[in-house]
Amino acid sequence: MKQAIGKLLWWFEERLELRTSLWTVMRHPIPRDLRTQVGWLYVFGSTAMTLLVLQIVTGIGLGMVYVPSAGEAYESLEHINYNVELGWMLRAIHNWSANGMVVLVVVHMTQVFLMGAYKYPRELTWMIGVVLFLLTLGMAFTGQVLRWDADSYWGLGVGVAMVGRIPYIGPELVELMLGGPTVGADTLSRFFALHVFVMPGLLFASLTVHLYLVVRKGISEPPKPDDLVDPETYVEKYEEKLKTGDPFFPDVFLRDAAFIGLTLLVIVGMSAILGPDGPGAPPDPTLLAVEPLPDWYFLPAFAVLALSPPSLETGIILIAPVIIVAIMFLFPVFAGKGQRSPRRRPVAVLIVIGCFLSYCVLWQLGVQEPWSPHMTAWSGVPVPTHMIKGRSPKELQGAAILQEKTCRNCHALDGQGGQRGPDLTVVATRLTRDQLIRQVVQGGGNMPAYGKELNRFEVEALVSFLETLKPEGYASAEASVVTDRAD
Amino acid sequence: MNSQSGEPPTMETATTRRGFMEWFSWALLGLGSVAMAIPILGFFLGPILKPRADEWVDFGPLTDFPQNSTRLVDVLNPLRGANDGMTGKVAAYVRRIEGETFQIFSTHCTHLGCPVSWFKESGLYMCPCHGGVYYEDGGHASGPPPRGLYEFEHRVEKDRLMVKLGHLPTLQDPGSAHVSGKNS
């Protein structure tokens with residue numbers, strides 16, 4: 001029996017010659033320095049790749065049940081969540097594994113950047129890596145569209161508004177993107193084709209080149225300060241190191257195996273506990289009481305769009321991404337030699353810290369959305385009782401107007417309400433009666449004018465109430481600034 | 001000419017049968033490729049090769065719209081496809097100023113296309129995404145939008161309000177009212 005199996009295997013080996021091809025690749029030597037703890041920093045790429053495989057497997061499963069039709073996609077997602085055996089779990093894994101893939105690709109890039117592994121002779125490996133990063137984001141966005149809920153619908157609207165700003169050909173590109181004049185069945189189907197055929201194909205093709213380069217050019221040795229990369233001598237030195245190297249499989253791979261296992265456990269755990277993401281509200285263009293938000297990794301971009309000055313906005317939307325990608329892509333061409341160790345590359349370290357800090361700050365702002373009106377604050381957030389206790393009828397009338405005229409959507413009282421405009425809790429210490437009236441009637445400084453919406457009795461009552469908004473014992477704001485200046 | 005030699009054809013042989021065969025093969029490959037590329041490219045460019053214009057939609061009798069008020073109207077998008085489902089619907093804000101004077105607004109914020117909500121209490125449209133605010137007449141009141149709300153062309157026909165709409169308005173391709181120059 002044993003002999004028979006051996007014979008059969010040999011029959012295949014004679015034809016495939018794997019011992020001299022695949023097995024040599026699996027056993028390719030890795031610099032010995034990776035044996036130390038620094039070797040743990042080399043596990044992110046292989047884990048990201050594992051998650052890609054996981055995405056394909058779960059994606060095929062979802063593809064068997066999902067109906068990529070604008071009229072039925074939403075229901076088919078509900079069907080997967082509630083009717084299909086373990087459908088909710090498969091959607092959850094696909095979602096959390098996608099999130100994990102975005103995170104791991106970024107961590108992997110950061111590690112490669114900090115350790116100077118993109119330098120000679122691995123510049124092209126980095127460039128293909130940038131392509132893989134962009135494709136991963138592309139998969140994330142198109143996948144979000146396939147969720148076909150209100151976020152997806154209005155997210156497409158945002159994409160359309162951006163593409164529509166491209167000079168001259170904007171409107172044509174919008175029609176190409178949507179597959180017609182409006183968001184509909186042709187839109188979902190083309191995003192389905194992108195997500196399921198086009199982008200995975202490009203991902204696999206790029207990944208093949210990336211892996212080929214990783215094997216051909218070898219895994220970079222951990223950097224040592226003042227060990228400079230010189231294209232004249234690097235290859236020779238590197239090959240010298242490989243003579244004492246460890247085989248990738250199974251020696252070096254053990255760490256990858258451990259981290260991949262841990263990652264899979266985390267994803268299974270998160271999926272089981274947190275479940276799938278959505279679908280949220282249905283993609284109905286007539287349901288306007290929605291607050292569309294992108295998935296978390298795009299929140300910083302969402303914040304940039306709220307905060308950029310209108311005059312620069314189109315430039316920021318259209319030109320900044322091109323510049324950022326060009327810098328990322330061409331970085332190794334300009335910095336492909338010299339120091340590799342982060343201890344000798346303070347600028348590189350600062351770039352990474354700067355990028356992560358900006359990302360986190362913008363992300364935090366994207367979560368808080370201080371620039372957005374709180375659409376339900378006027379009807380849902382009460383006026384604090386201490387602000388209306390013992391007030392005159394006219395002042396109470398003013399408090400009612402403040403509430404009724406949706407002022408609270410933008411203005412907070414005691415921190416409750418919108419943050420678009422200033423908190424009005426102590427407004428009377430800042431603005432005089434005349435200034436309050438002018439601000440209400442004429443608006444200004446990003447506040448709409450309410451002159452047409454309020455009659456003079458309403459303005460009078462509202463301002464009477466606003467004048468009471470100051471801490472006890474504090475004086476009201478006085479118009480003394482002008483006389484001071486006149487002196 | 002010697003077909004056994006295996007030498008690439010030179011300028012002298014270009015006019016010979018072998019040269020002609022070579023030229024003919026390349027030409028045939030080119031012709032076939034172009035012939036095949038035309039319909040395929042045409043398919044992918046279909047949405048812009050066969051653009052669809054906005055169409056008139058019945059918004060209901062005038063009596064549905066009280067004077068000096070604004071309300072949201074849902075209709076079926078005239079440009080919807082057979083499989084669009086609920087995305088084949090479209091909504092628009094109808095403001096009846098008085099008599100037969102109307103303004104019809106798109107629900108899309110002119111900043112980045114999010115849905116604006118109408119607050120009759122304050123006479124404002126507010127956008128939940130980046131804080132764009134518009135006045136009752138569609139004019140820009142506050143926030144990042146580069147212009148007022150998009151407007152659609154309308155007319156009154158046999159005491160019914162007709163509105164011309166369909167495509168998703170964007171900055172360079174706004175609502176029908178802007179195209180015709182009316183009400184803009």
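The following conversation concerns a predicted model of two chains, A and B.

Trainee: Before we start, how are things numbered and filtered?
Mentor: Residues are numbered from 1 along each chain as its sequence is written, and chains are lettered from A in the order in which they are written. In this predicted model local features need pLDDT of at least 70, side-chain atom pairs count only at pLDDT 80 or more, and totals for chains, interfaces and linings use all residues, while side-chain values use heavy atoms, without hydrogens and water.

Trainee: How many residues does each chain bring to the contact?
Mentor: Chain A brings 63 residues and chain B brings 55, where contact means heavy atoms within 4.5 Å.

Trainee: Which residues form the salt bridge there?
Mentor: D284(A) pairs with K89(B), with the closest N and O atoms 2.8 Å apart. A salt bridge is a side-chain nitrogen of Lys or Arg within 4 Å of a carboxyl oxygen of Asp or Glu. The rule finds 1 salt bridge across this interface.

Trainee: New topic: is H167(B) buried or exposed?
Mentor: H167(B) counts as buried because its relative accessibility is 9%; buried means under 20% relative accessible area and exposed over 50%, with partly exposed in between (1.4 Å probe, protein chains only).

Trainee: And what does H167(B) touch?
Mentor: Leaving out residues up to four places away in sequence, H167(B) touches P181(A), D54(B), L79(B), D173(B) and P174(B). The H167(B) side chain also reaches the backbone oxygen of D173(B) at 2.9 Å.

Trainee: Last one: how far apart are the centres of the domains of chain A?
Mentor: The centres of domain 1 and domain 2 of chain A, taken over C-alpha atoms, are separated by 46 Å. Domain 1 covers 33–368 and domain 2 covers 385–467, with bounds from an automatic or database domain assignment.

Methods. A polar contact is a pair of N or O atoms within 3.5 Å; within protein, one must be able to donate a hydrogen and the other to accept it, and residues adjacent in sequence count only if both atoms are side-chain atoms.
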